[in-house]
Amino acid sequence: GPLRVLVFGAALRAESTNARLAALVARLIADTGASVDLATMREFDMPLYDGDMEDAEGLPSGALVLRDRLERCDAFVISSPEYNGSVPGVLKNAIDWVSRVRPQPFKTKHALLVSASPSLFGGNRGLWSLRIPLEHLGTRVYPDMFSLARSYDGFAEDGRLADPGLQRRLTETVQAFLSLVEADARYVCLQRR
Ligand code: FNR
């Protein structure tokens, strides 16, 4: 069947520019014929990680929702803001909760990391920080990343990027990522025969 890709923005606020970037990436993925599951962080609402809560009740429902949706995908894309040069606590907390499940759902999945920020760096330092927990968990984090700087002026009315050169670069990054995921899926199928 077609590739299944989970895409989510990692900020909670309704007007999140990362949610807009996630929606644009989801459109680019759907254009290739792959199937997309577009989510927002609000759907993965969960308390702060607490080992006592885990011992008493297991995972909170928001973490189980994220776990289920990761399990159903071949690859995922996160559009994350950068907070103080690093990963937003909301996203790190979600990764920490979901990492407690066995089989651990981040393992061997392919991931593409993108970011949007009003700053000139576009949140790129946050993505380098995000690589650490994901690679620790065995996620195959795609080497190339995409960061949208000056994000508050970055989108056109139709949801595409206002700068055509950046729109082209984002499209190419998404397509190259999907080619790798597809090649790997074929290789795994051949090995299983
Ligand atoms: C920020 N922001 C920010 N931006 C950045 O480029 N580098 C940074 O280190 C930070 N640090 C930071 C810390 C905290 C606590 C907040 C709340 C914000 C600004 C951030 O990029 C901006 O709020 C974006 O709009 C967040 O993404 P969404 O919500 O538009 O998706």
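## Helices, loops and the overall fold

Q: What phi does Gly 33 take, just after H1?
A: This is a predicted model, in which local features need pLDDT of at least 70, side-chain atom pairs count only at pLDDT 80 or more, and totals for chains, interfaces and linings use all residues. Residues are numbered from 1 along each chain as its sequence is written. Helices (DSSP runs of H or I, at least four residues) and strands (runs of E, at least two) are numbered from the N terminus. Gly 33 sits just after H1, and its phi is positive, at about 95°.

Q: How far does helix H1 reach from its first C-alpha to its last?
A: H1 covers residues 17–31, so 15 residues in total, and the expected span of a helix is 1.5 Å times one less than its number of residues. For H1 that expectation is 21 Å, and the helix comes close to it with a reach of 21 Å.

Q: Which residues of H1 are buried?
A: A residue counts as buried if 20 or more other C-beta atoms (placed from the backbone) lie within 10 Å of its own, as exposed if 12 or fewer do, and as partly exposed in between. In H1 the buried set is Thr 17, Asn 18, Ala 19, Leu 21, Ala 22, Leu 24, Val 25, Ala 26, Leu 28 and Ile 29.

Q: What covers the buried residues of H1?
A: Covering goes by contacts, meaning pairs of residues whose C-beta atoms, placed from the backbone, lie within 7 Å. The cover includes the strands S1 (4–9), S2 (35–40), S3 (75–79), S4 (110–116) and S6 (146–148), along with helix H6 (164–192).

Q: Where is Leu 38, and which residues is it in contact with, leaving aside its neighbours within four places in sequence?
A: You'll find Leu 38 in strand S2. It has 18 C-beta neighbours inside 10 Å, so it counts as partly exposed. Leaving aside neighbours within four places in sequence, its contacts are Val 7, Ala 22, Ala 23 and Ala 26.

Q: How far apart should the ends of helix H5 be, and how far apart are they?
A: H5 runs over residues 124–136, so 13 residues at 1.5 Å a residue should span 18 Å. The model agrees with that, as the end C-alpha atoms are separated by 19 Å.

Q: Which residues of H5 are buried, and what covers them?
A: The buried ones are Asn 124, Gly 126, Leu 127, Leu 130 and Leu 134. Their cover includes S4, strand S5 (140–141) and S6.

Q: Pro 133 lies in helix H5, but which residues is it in contact with, leaving aside its neighbours within four places in sequence?
A: Pro 133 has 16 C-beta neighbours inside 10 Å, so it counts as partly exposed. Lys 92 is 41 residues away from Pro 133 in sequence, yet the two are 8.1 Å apart, C-alpha to C-alpha. Beyond four places in sequence, the contacts of Pro 133 are Lys 92 and Ile 95.

Q: Is Asn 84 buried or exposed?
A: Asn 84 is found in the loop between S3 and H4, and its phi is positive, about 50°, although it is not a glycine. It has 10 other C-beta atoms within 10 Å, so Asn 84 is exposed.

Q: Which peptide bond is cis, with omega near -10°?
A: Check the loop between helix H4 (89–98) and S4, where Pro 103 lies. Thr 108 is found in that loop between H4 and S4 too, and has a positive phi near 65°. The cis bond is the one from Arg 102 to Pro 103.

Q: Which of the 16 residues around the ligand come nearest?
A: A residue is near a molecule if its C-beta atom, placed from the backbone, lies within 6 Å of it. Coming nearest to the ligand are Ser 16, Thr 17, Asn 18, Pro 81 and Ser 119.

Q: In what order do the elements of the protein run from the N terminus on?
A: There are six helices and six strands to place. From the N terminus, the order is β-α-β-α-α-β-α-β-α-β-β-α.

Q: What is the radius of gyration of the protein?
A: The globule rule (2.2 Å times the number of residues to the power 0.38, with the radius taken over C-alpha atoms) sets the yardstick. For 193 residues it gives 16 Å, and the protein comes close to that, so it is as compact as a globular protein of that length, with a radius of gyration of 16 Å.

Conventions
Contact = placed C-beta atoms within 7 Å.
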